[in-house]
2 protein chains.
Amino acid sequence: MSKATRTPEGAFPGIRHDHGDCVAEALSAAEALCAQRGVRLTELRRRVFELVWSSHAPVGAYDLLSRLAREREGAAPPTVYRALDFLKEHGLIHRIESLNAFVGCRTPGQAHAGQFLICSECGMAAEIDDSRVNAAIDRRAKEIGFAVHSKTIEVEGLCPPCRDRAGEDGHGIG
Amino acid sequence: MSKATRTPEGAFPGIRHDHGDCVAEALSAAEALCAQRGVRLTELRRRVFELVWSSHAPVGAYDLLSRLAREREGAAPPTVYRALDFLKEHGLIHRIESLNAFVGCRTPGQAHAGQFLICSECGMAAEIDDSRVNAAIDRRAKEIGFAVHSKTIEVEGLCPPCRDRAGEDGHGIG
DNA sequence: GAATATTAGGTTATAATATAACATATCTTG
DNA sequence: CAAGATATGTTATATTATAACCTAATATTC
Ligand SMILES: [Zn+2]
Ligand SMILES: [Zn+2]
Ligand SMILES: [Zn+2]
Ligand SMILES: [Zn+2]
């Protein structure tokens, strides 16, 4: 159990990590990727991207919209959905199907399936990319003769801190 | 490649399989399970279950509603959503998060994660339960210290027949 | 078997999520 | 600047899902 609470690749950043660093890193990766592809990370898209990155918990489109509306009058659903479409298309964010919500991608530009551990207590989502999971799915699909295009893997449960908290006072009924 | 087109556990039933058998089997399993649990598979719930089982492709709630409305005047969204909630609660159907749709469960009563291969061409969904996939996820979650409650695994692609059709005429542009 | 509690369903309204369609603005390129 | 392409504004509407309140059916208790 000595390594049980380590978080490989910083899957769940601690509650006191410097999130400004996360955002800065994500923004600079996004800028680089857009420049490389010759697409425009406009003011609006960049702002929506920042709002998605406001935490490690997936955010709903209308949450984003209400925040955006504070700074942009006339912001409407298409405003945010179009930006989200762009960001998704370029792999800068992922959509969490089981939550109808969006979260920043930690490794934009790299091909990956998008596997998530999502805490139902605090809402945090950790993106992982486990090659064994991918291999197991690909192998089974191949056995069946199914041609895989994309995978949605969303695991719901409790992140380490929330699991520990639940263990402390969650065993009794009262 | 000799076994590549076999379908273990009949993942994708052929286009000419006797689907009446599927429905009959599912209904009788559902009845047994409800009897065993002392819950009521009412007329309405049974009918919604049959409609979900009308094919192996996931069906949207409002699709179900429009079909139900033909035979039940006054059917409204809660009519179908309540039945779906019941069926889901008892593991008789699964919700496909990436499609906002519902599909019958092939192994009700048994604990399983609900893993799906979904054909984007014909809409068919095959439920699998690959222990390697589960083990890989559980192992990675354990490394991270994440307590898994439930898994959403939905793989999009082409089922064997659709893949073959695509291979025949889908390589060129014109 | 009537009284009561529980569960299921009917009905109306509304919430939450997402897109269509068309107008205007901005950027790119020549 | 003209022309085309891309991005955004704007209004309306589609799609998916739930809230709230009421009535009916079924189960439980006396
Ligand atoms: Zn952070
Ligand atoms: Zn948590
Ligand atoms: Zn069938
Ligand atoms: Zn198919």
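**Close-up views of DNA strand C and three zinc sites**

**Figure 1. The protein surface near DNA strand C.** Sorted by class, the surface near DNA strand C holds seven nonpolar, four polar and seven charged residues, where Ala, Val, Leu, Ile, Met, Phe, Trp, Tyr, Cys and Pro count as nonpolar, Asp, Glu, Lys and Arg as charged, and the others, Gly among them, as polar. The model is a predicted one, in which local features need pLDDT of at least 70 and side-chain atom pairs count only at pLDDT 80 or more, while totals for chains, interfaces and linings use all residues. Residues are numbered from 1 along each chain as its sequence is written, chains are lettered from A and ligands numbered from 1 in the order in which they are written, and side-chain values use heavy atoms, with hydrogens and water left out. DNA strand C is surrounded by 18 residues, the closest being Tyr62(A), Tyr81(A), Arg95(A), Thr42(B) and Arg82(B); a residue is near the strand if one of its heavy atoms lies within 4 Å of it. Of the atoms of DNA strand C that come within 4 Å of the protein, 54% belong to sugar and phosphate. At least two residues of this surface come from each of helix 4 (77-89) of chain A, helix 2 (43-52) of chain B and helix 4 (77-89) of chain B, helices being DSSP runs of H or I with at least four residues, and strands runs of E with at least two. Helix 4 of chain A gives the most, with four residues.

**Figure 2. Polar contacts of side chains with DNA strand C.** In chain A, a polar side-chain atom of Tyr62(A) lies 2.4 Å from a base nitrogen of DNA strand C, a polar contact being a pair of N or O atoms within 3.5 Å. In chain B, Arg82(B) likewise places a polar side-chain atom 2.4 Å from a base nitrogen of DNA strand C, whereas an N or O atom in the side chain of Thr42(B) is 2.5 Å from a phosphate oxygen of the strand.

**Figure 3. The site of the zinc ion (ligand 1).** His17(A) (NE2), His19(A) (ND1), Cys22(A) (SG) and His56(A) (NE2) are the protein donors, lying 1.9 to 2.3 Å from the zinc ion (ligand 1); donors are N, O and S atoms within 2.8 Å of the metal (3.2 Å for Na, K and Ca). The arrangement is tetrahedral because the four donor atoms subtend angles of 104 to 113°, and four donors count as such if all angles lie between 85 and 135 degrees. Distant parts of the chain are linked here, with His19(A) in helix 1 of chain A and His56(A) in the loop between helix 2 (43-52) and helix 3 (61-71) of chain A, 37 residues apart. His19(A), at 17% relative accessibility, counts as buried, that is, under 20% relative accessible area (exposed is over 50%, partly exposed in between; 1.4 Å probe, protein chains only). Leaving aside residues up to four places away in sequence, His19(A) touches Trp53(A), Ser54(A), Ser55(A) and His56(A), contact meaning heavy atoms within 4.5 Å.

**Figure 4. The site of the zinc ion (ligand 2).** Cys119(A), Cys122(A), Cys159(A) and Cys162(A) coordinate the zinc ion (ligand 2) through their SG atoms at 2.2 to 2.4 Å, and the site is tetrahedral, with angles of 102 to 114° among the four donor atoms. The pair of Cys119(A), in strand 3 (residues 115-119) of chain A, and Cys162(A), in helix 6 (residues 160-169) of chain A, links distant parts of the chain, 43 residues apart. Cys119(A) and Cys162(A) are both buried.

**Figure 5. The site of the zinc ion (ligand 4).** In chain B, the zinc ion (ligand 4) is coordinated at 2.2 to 2.4 Å by the SG atoms of Cys119(B), Cys122(B), Cys159(B) and Cys162(B), whose spacing in sequence is C-x2-C-x36-C-x2-C. Cys122(B) is partly exposed, with a relative accessible area of 37%, whereas Cys159(B), at 2% relative accessibility, counts as buried.

Definitions and conventions:
Tetrahedral: all angles 85-135°; square planar, octahedral: opposite > 155°, others 65-115°. Polar contact = N/O pair within 3.5 Å; in protein donor to acceptor, adjacent residues only side chain to side chain.
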